[in-house]
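This report describes the fold, the core and selected residues of one protein model. The sequence and structure come first.

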Amino acid sequence: MALEARGYIDEGEAIGLNEDEVHRLLAAERRRLTLDILSEGGPWELEELATELLARENRDPADEHAVQRAMVALYHRHLPMMDDLGAI
């Protein structure tokens with residue numbers, strides 16, 4: 001699964017989000033960090049994204065269990081929401 005950001009600007013105007021959707025998208029720190037990572041270019045594989053996310057959260061990216069938990073959270077919660085809103 002390769003992931004890339006769709007290119008967005010502040011206020012969500014580039015991807016057609018209303019104010020509530022922008023707040024929903026950016027409410028979780030993990031989604032903000034994920035968008036930041038994806039905006040740097042890609043594509044990213046899910047495991048690479050989870051590892052980079054943990055590093056930015058100041059967690060140990062070498063901890064296999066933490067990487068697996070981050071992958072599950074991204075796959076089942078954060079990435080689907082970001083996709084539904086058109087951010088990725």
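The sections below go from the overall fold to the core, a helix pair and single residues.

## Overall fold

The model is predicted. Its secondary structure consists of 4 helices and 2 strands, arranged along the sequence as β-α-α-β-α-α.

Of the 88 residues in the protein, 39% are buried. The exposed surface comes to about 5300 Å², and carbon and sulfur atoms supply 45% of that area. Among contacts with a separation of 6 or more, 57% are between residues 24 or more positions apart.

## The nonpolar core

The largest nonpolar core has 24 residues, and the members that touch the most others are L25, L38, L49, A50, L74, L79 and M82. At least two core residues come from each of α1 (19-26), α2 (29-39), α3 (46-56) and α4 (64-84). With 8 residues, α4 gives the most to this core.

What does L74 touch beyond residues up to four places away in sequence? The list is T34, L46, L49, A50, L53, L79 and P80. L79, one of these partners, is placed in helix α4. L79 is buried because its relative accessibility of 6% falls under the 20% cut-off. Along the chain L79 and L46 are 33 residues apart, while their C-alpha atoms are separated by 10.0 Å.

## Helices α2 and α3

The axes of α2 and α3 are 10 Å apart, and the two helices pack at an angle of about 115°. The crossing of α2 past α3 is right-handed. On the α2 side the contact involves R30, L33, T34, D36, I37 and L38, which meet L49, E52, L53, L54 and R56 of α3. Sorted by class, this contact has 6 nonpolar, 1 polar and 4 charged residues.

Within α2, the buried residues are R30, R31, L33, T34, L35, I37 and L38. An α-helix has 3.6 residues a turn, so residues three or four places apart point the same way. After α2 comes G41, which has a positive phi, near 120°.

## L53 in the helix contact

L53 belongs to helix α3. Is L53 buried or exposed? L53 is buried, because its relative accessible area is 0% and the cut-off for buried is under 20%.

Neighbours within four places in sequence aside, L53 is in contact with R30, L33, T34, I37 and L74. One of these residues, L33, is 20 residues from L53 in sequence, with a C-alpha to C-alpha distance of 6.8 Å. The contact between L53 and L74 also appears in the list for L74.

## H78 in α4

H78 is found in helix α4. The relative accessible area of H78 is 4%, so H78 counts as buried. Which residues does H78 contact, leaving aside its neighbours within four places in sequence? They are A28, R30, R31 and A73. R30 and R31 are themselves among the buried residues of α2.

## E21 in α1

E21 lies in helix α1. E21 is partly exposed, because its relative accessibility of 27% is between the limits of 20% and 50%.

Not counting residues up to four places away in sequence, E21 touches G16 and L85. E21 and L85 are 64 residues apart along the chain, with their C-alpha atoms separated by 7.3 Å.

## The loop between α3 and α4

N58 is placed in the loop between α3 and α4. Although N58 is not a glycine, its phi is positive, at about 60°. N58 counts as exposed because its relative accessibility is 73%, and exposed means over 50%.

D63 is found in the loop between α3 and α4 as well. At 30% relative accessibility, D63 is classed as partly exposed. From C-alpha to C-alpha, D63 and T51 are 9.1 Å apart in space, with their positions 12 residues apart in sequence numbering.

Technical notes
Residues numbered from 1 in each chain as written. Predicted model: local features only at pLDDT ≥ 70, side-chain atom pairs only at ≥ 80, totals over all residues. Heavy atoms only, no water. Core = buried A, V, L, I, M, F, W, Y, C linked by side-chain atoms within 4.5 Å. Buried < 20%, exposed > 50% of the residue type's maximum accessible area, 1.4 Å probe, protein only. Contact = heavy atoms within 4.5 Å. Axes fitted to C-alpha atoms, helices over the stretch in contact; angles between N-to-C directions. Left-handed = near helix turned anticlockwise from the far one by under 90°. Nonpolar A, V, L, I, M, F, W, Y, C, P; charged D, E, K, R; others polar. Areas by Shrake-Rupley, 256 points an atom, 1.4 Å probe, with all protein chains shown as cover.
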